[in-house]
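Me: I want to go through this model label by label. Please set each value against its cut-off.

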Amino acid sequence: MKRCECGGDLKAGPQRLSAVAGGRRFRATVTAPVCRRCRASFVDGRLLERFDLAIACDLAMRGPADGETFRFLRKAIGLAAATLAELLGVSAETISRWENGQRAVDGPAWITVGTLVLERAGRPTSTLDRLGVLARDARPASPVTLVVQPQAATKM
């Protein structure tokens, strides 16, 4: 892609990504083409997926172990709620109730989904540390800055 739809030239430049999940704000800066004329940026979808996976890894390690976080973890690894329900041996309605805060998320289910996230990212699962998240209901309020850099395409 050498030109924007507006006809302007594209030049690589830093782009800030930001997301809120688990009660915290996550930020990253990536390099992406930016139009010199209209200032539109074109962030590669794979970078956005890696940003979400990096957030999911942080949430899997630090929590909180709630429905919002559970949904983020599930979506970061691309599992449909019905598929996850089948894998966990629960109903799709149970997944929905967990994710919508109608019922507390089952601890072993939360640990399992977090483990799937960490495995997808090629990171150590640290199950014992993650069990500590279930034992406490701490929600760190500080923003988190993640470093997401482009890499060669990898299978996930």
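Reply: Start with the salt bridge: a side-chain nitrogen of Lys or Arg within 4 Å of a carboxyl oxygen of Asp or Glu. Bear in mind that this is a predicted model.

Me: What makes Glu-99 and Arg-71 a salt bridge?
Reply: Their closest N and O atoms are 3.5 Å apart. The cut-off is 4 Å, so the pair qualifies. Glu-99 lies in helix H4 (residues 92–99) and Arg-71 in helix H2 (residues 67–76), so the contact ties together parts that are 28 residues apart in sequence.

Me: Why is Glu-99 called buried, and Arg-71 partly exposed?
Reply: Buried means under 20% relative accessible area. Glu-99 has 8%, so it is buried. Arg-71 has 24%. Partly exposed runs between the 20% and 50% limits, so that label fits Arg-71.

Me: Which other residue meets Glu-99 in a salt bridge?
Reply: Arg-74, at 2.6 Å, N to O. This pair also links distant parts of the chain, with Arg-74 in helix H2 and Glu-99 in helix H4, 25 residues apart. Both Arg-74 and Glu-99 are buried.

Me: How do you know that Asp-58 and Arg-24 form a salt bridge?
Reply: Their side chains meet at 2.2 Å, N to O. That is within 4 Å, so the definition is met. Asp-58 lies in helix H1 and Arg-24 in strand S2, so the pair ties together parts that are 34 residues apart in sequence.

Me: Are these two buried or exposed?
Reply: Buried. Asp-58 has 13% relative accessibility, and Arg-24 has 1%. Each value is under 20%, so each residue earns the label.

Me: How many salt bridges does a search of the whole structure find?
Reply: Six.

Me: What is known about helix H1 and its span?
Reply: H1 covers residues 45–62, 18 residues in total. It reaches 26 Å from its first C-alpha to its last, close to the 26 Å expected at 1.5 Å a residue. Its buried residues include Leu-47, Phe-51, Ile-55 and Leu-59.

Me: What caps the N-terminal end of H1?
Reply: Asp-44 does. One of its side-chain oxygens lies 2.6 Å from the backbone nitrogen of Arg-46. At the other side, H1 is followed by Gly-63, whose phi is positive, near 75°.

Me: What makes S1 and S2 a strand pair?
Reply: Pairing needs at least two bridges. Twelve bridges join S1 (residues 10–21) to S2 (residues 24–35), so they pair. They run antiparallel. Pro-14 stands opposite Thr-31 in S2. The hairpin has two residues between the strands, and Gly-22 there takes a positive phi near 60°.

Me: Why can Leu-134 belong to a nonpolar surface patch?
Reply: A patch residue needs over 30% relative accessible area. Leu-134 has 33%, so it passes that limit. Leu-134 lies in helix H6 (residues 127–135). Together with Leu-128 and Leu-131, it makes a patch of about 290 Å².

Me: Why is Arg-120 called partly exposed?
Reply: Its relative accessible area is 34%. That falls between 20% and 50%, so the label holds. Arg-120 lies in helix H5 (residues 107–120). Its C-alpha is separated by 9.5 Å from that of Ala-76, 44 residues apart along the chain.

Me: Finally, what is the overall layout of the chain?
Reply: From the N terminus on, the elements run β-β-α-α-α-α-α-α-β. That comes to six helices and three strands. Buried residues make up 38% of the 156 residues.

How values were computed
Residues are numbered from 1 along each chain as its sequence is written. This is a predicted model: local features need pLDDT of at least 70, side-chain atom pairs count only at pLDDT 80 or more; totals for chains, interfaces and linings use all residues. Side-chain values use heavy atoms; hydrogens and water are left out. Helices (H or I, at least four residues) and strands (E, at least two) are DSSP runs, numbered from the N terminus. The expected span of a helix is 1.5 Å times one less than its number of residues. Buried means under 20% relative accessible area, exposed over 50%, partly exposed in between (1.4 Å probe, protein chains only). A polar contact is a pair of N or O atoms within 3.5 Å; within protein, one must be able to donate a hydrogen and the other to accept it, and residues adjacent in sequence count only if both atoms are side-chain atoms. Patches are made of residues with over 30% relative accessible area and no salt bridge: like charges are joined within 9 Å, nonpolar side chains (Val, Leu, Ile, Met, Phe, Trp, Tyr) within 5 Å. Accessible areas come from the Shrake-Rupley method with a 1.4 Å probe; for residues, only the protein chains shown count as cover.
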